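Me: Here's a model I'd like to get a feel for. Please give me the overall picture, then go in for a close look at the loops.

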Amino acid sequence: MDRAKASPAGSLSLQEIRDHYDQFAWAYRRYWGDHIHHGLFVSGEEDPQQAQEKMLRHCATRAGLQPAMRVLDVGCGHGGTASFLAREFSCRVLGLTISQTQLEVARKLCGSLDGAASFELADAESYAFPAATFDVIWNMESSDHFFDKAAYFRKAATALKPGGKLMVAAWTGSMQDQLIADIARVFLFPQLWTTDEHVQQIESAGLQVVSSERLSSEVARTWDLAAKQIGDSRWMLTFLPAQFREFVDGIELMREGYRNGKLTYSIIVATKR
Ligand code: SAH
């Protein structure tokens, strides 16, 4: 199950990504809550959780989520999305994660949903996707961690029902740029892609892209708030492993990337004809 590959961001293994999420699940929960993804700031007055829920609602609307749909949440984190989509959109969600700790947190979080959300410990890149099973496959900030995104999109395409949708929300930028390569290294992404690279590869997987958005100022505040929150409890960092401190330093790279336009946030929806 464990791949270790040289990638444009340096050498990285699946085990390192898994260890990161196992080891820092508590820190993510403390600073990010149930969701580990960008917020969508519409008025600019939202708190982080409100902005994260706006992001979920926005992506769900883009993906055309309807009651009783079957959703595969690939890279489900703490189950915050599964819980939200089951409660707010009456969907049935199966979440996949590589982290045992996240699996336990997610199962607990969704324990009262009468089976509307279930979870499996699985590596999406070697997962045996059942054919033509899901109405929506949801990748929120998880495909960035994959070693072969093109192969993954081909497998996702087979697992969608005809008319089903793939929703990909991803950090986007060119690996030719040193700042983007640094962001990829710090945040454990084998490589990041531009929006156009995503669109091209998703279409090569046999899906038709129906919408593609590139956001920046609407999401960048996520990192301003994270920097402020972490700054307020900076003393705690001295007790944390160097790896987490490097991750925290990465927040400044993110802010710089959004400021200078090299980093963007893309939401892409594609359908299976
Ligand atoms: N989508 C969640 C979590 C995003 S963090 C949210 O929006 O809150 C990235 C997630 O991707 C983590 O849950 C991590 O365990 C998962 N992940 C990374 N590589 C994976 C892989 N190969 N297979 C399955 N999940 C993976």
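Reply: Starting from the outside, the accessible surface of the chain is about 11,500 Å², and carbon and sulfur atoms own 49% of that (areas are Shrake-Rupley with a 1.4 Å probe, and for residues only the protein chains shown count as cover). Bear in mind that this is a predicted model, where local features need pLDDT of at least 70 and side-chain atom pairs count only at pLDDT 80 or more, while totals for chains, interfaces and linings use all residues. Numbering runs from 1 along each chain as its sequence is written, and side-chain values use heavy atoms, with hydrogens and water left out.

On to the overall build: the chain has 11 helices and 9 strands (DSSP runs numbered from the N terminus, H or I of at least four residues for helices, E of at least two for strands). Its radius of gyration is 17 Å, close to the 19 Å that the globule rule gives for 273 residues, so the chain is as compact as a globular protein of that length (C-alpha atoms only; the rule is 2.2 Å times the number of residues to the power 0.38). Those C-alpha atoms fill a box of roughly 50 × 45 × 40 Å along the principal axes. Of the 273 residues, 58% count as buried (under 20% relative accessible area; over 50% is exposed, in between is partly exposed, with a 1.4 Å probe and protein chains only). Among contacts with a separation of 6 or more, 73% join residues 24 or more positions apart (contact: heavy atoms within 4.5 Å).

Now the loops. Asp123 sits between strand E5 (117–121) and strand E6 (134–140). The residue is buried, at 5% relative accessible area. A polar atom of the Asp123 side chain lies 2.9 Å from the backbone nitrogen of Glu125, so the pair falls inside the cut-off for a polar contact (N or O atoms within 3.5 Å; within protein, one able to donate a hydrogen and the other to accept it, with sequence neighbours counting only if both atoms are side-chain atoms).

Two other loops are worth a look for their backbone angles. Ala68, between helix H3 (48–62) and strand E3 (70–74), has a phi near 75°, positive in a residue other than glycine. Ser90 also isn't a glycine, yet has a positive phi of about 50°; you'll find Ser90 in the loop between helix H4 (80–89) and strand E4 (92–97). On accessibility, Ala68 is partly exposed at 49%, and Ser90 is partly exposed at 43%.
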